[in-house]
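Me: I should like to learn how the terms used for a protein model are justified. Please set each value against its definition.

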Amino acid sequence: MSGTLNLSAGRSYLAIPGPSVIPDQVLQAMHRPSPNIYAGELVDMTATLIPDLRRVARTKHHAAIYICNGHGAWEAALSNVLQPGDKVLVPSSGRFAIGWSEMAEGLGIDVEVIDFGNHAPWDLARVAERLKADTSHQIKAVLGVHVDTSSSIRNDVPGLRAVLDAEQHPALLMADCIASLGCDRFEMDDWGVDVMVTGSQKGLMVPAGLAFVFFNDKAATVRAAMPRVSRYWDWTPRANPEEFYQYFGGTAPTHHLYGLRVSLDMIHAEGIENVWARHAQLARAIWAACEAWGQDGPMAMNVTDPALRSHAVTALRLGGSRATQLREWLEQTLGLTLGIGLGMAPPCSPEWHGFFRLGHMGHLNGHMVMGLLGGIEAGLRALDIPHGAGALDAAAAVLSEAGQKAS
Ligand SMILES: Cc1ncc(COP(=O)(O)O)c(C=O)c1O
């Protein structure tokens, strides 16, 4: 044997908060020659995706598909209901809310951010105050990121709806569920969300490249009154296509659609409520380990209140340059990739190297979580990073509790 011992052969594990692990069934469904895009199986199969997408979003309303990433979904949603000069309010709990607000600015929209920082959820009393002051209803939409993937804060979307209702404010409620859909409970219709955006690469377990905009009749009415909407972003023909190409504004994303068909089948076979419960329990196991490590060392979760934590991603701090060291050691030595910290410090500043994130979204089970945590435990030891004992025990205890409940 020469050089350092390397244990990274075998299947690698990407534990970043999106793209997530792609199930073999999805990959296999995508591994095929290009299908005919004018007639036949693909055309028939695409029509079946729409009701199943609606089921995951918990909406009876409209769905439009775009060939793009989440940034595209942001722009698509904004382009259909807002004109240059319109005002939007953006309560922010992290980098992705700021990102959506910047996208709106680029479209000439007048953006007002209420910044709650990287550690706190929306303060709904402050949002209510701002809406109350808007007596002439200048604010046309409130843009809310349900789970901000940078901070791992989960915001109270039904609470935001309640605030709009209490103030009798007509602004559209637009939600970013790019990190939360298929991981954390989200109920578009019951929660009164008018427009929701998401992407394929996280809870939906399909490679990046598809995005979805769901909208209700109120949003459709706003769209109908718009003087002009970009032909490409217009959701109307996509949601009500007269010809197949209109679903996508052009050539269909052929292989992604086959992958999506399988991923939706997997979600429905498990049941969306069970998918949420699985994410919740696996997240609790991860938090239990992180808490134990933090008892006697520098590791700390960004969100202290478990009720405010996402079930799909956990943002952590290790301080110094330890997070980068840990990530690099795990990737190179064990074949395990953790997420970089986002939005907590300027990129590549000395502080930036102290933050990291764990992705636990989508195609994930108990043994993967134990592998993830066991890998981190090994990395902390190898790098002499101080940490509390009992993390794996604590995580196993949470998982065993789930087994007891099920039997
Ligand atoms: C909550 C949230 N919104 C928006 C985005 C942007 O999506 P994309 O990187 O696919 O453009 C992401 C990506 O991680 C996200 O997590």
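Me: What covers the buried residues of helix H4?

Reply: The cover includes helix H3 (70-81) and the strands S3 (87-92), S4 (110-115), S5 (139-145), S6 (147-148) and S8 (172-176). Contact here requires heavy atoms within 4.5 Å. Helices (H or I, at least four residues) and strands (E, at least two) are DSSP runs, numbered from the N terminus. The model is predicted, and local features need pLDDT of at least 70, side-chain atom pairs count only at pLDDT 80 or more, while totals for chains, interfaces and linings use all residues. Residues are numbered from 1 along each chain as its sequence is written, and side-chain values use heavy atoms, with hydrogens and water left out.

Me: How do you know whether the span of H4 agrees with the expected one?

Reply: The expected span is 1.5 Å times one less than the number of residues. H4 (residues 95-106) has twelve residues and runs 16 Å from its first C-alpha to its last, which is close to the expected 16 Å. Just after H4, Gly108 has a positive phi of about 85°.

Me: Why is Ser101 called buried?

Reply: Buried means under 20% relative accessible area, exposed means over 50%, and partly exposed lies in between (1.4 Å probe, protein chains only). Ser101 has 3%, and is therefore buried. This residue belongs to H4, where the buried residues also include Ala97, Trp100 and Met103. Leaving aside neighbours within four places in sequence, Ser101 is in contact with Val90, Val111 and Val113.

Me: What makes the pair Glu41 and Arg32 a salt bridge?

Reply: The term requires a side-chain nitrogen of Lys or Arg within 4 Å of a carboxyl oxygen of Asp or Glu. For Glu41 and Arg32 the N to O distance is 3.5 Å, and the pair meets in a salt bridge. At 52% relative accessible area, Glu41 is exposed, whereas Arg32, at 34%, is partly exposed. The structure holds 21 salt bridges.

Me: How do you know that Asp52 and Arg261 form a salt bridge?

Reply: Their side chains come to 2.6 Å, N to O, and meet in a salt bridge. The pair links distant parts of the chain: Asp52 is in helix H2 (residues 41-57) and Arg261 in helix H9 (residues 254-270), 209 residues apart. Asp52, at 13% relative accessible area, counts as buried, and Arg261 at 13% is buried.

Me: Why are Arg95 and Glu102 called partly exposed?

Reply: Arg95 has a relative accessibility of 33% and is therefore partly exposed. The value for Glu102 is 37%, and this residue too counts as partly exposed. Their side chains form a salt bridge at 2.8 Å, N to O. Elsewhere, salt bridges that share partners join Asp52, Arg55, Arg261 and Asp265 into one network.

Me: What makes the approach of Lys202 to the ligand a polar contact?

Reply: A polar contact is a pair of N or O atoms within 3.5 Å; within protein, one must be able to donate a hydrogen and the other to accept it, and residues adjacent in sequence count only if both atoms are side-chain atoms. An N or O atom in the side chain of Lys202 is 2.5 Å from an oxygen atom of the ligand. A polar side-chain atom of Asp176 lies 2.7 Å from a ligand nitrogen atom, and a polar backbone atom of Gly70 is 2.8 Å from a ligand oxygen atom.
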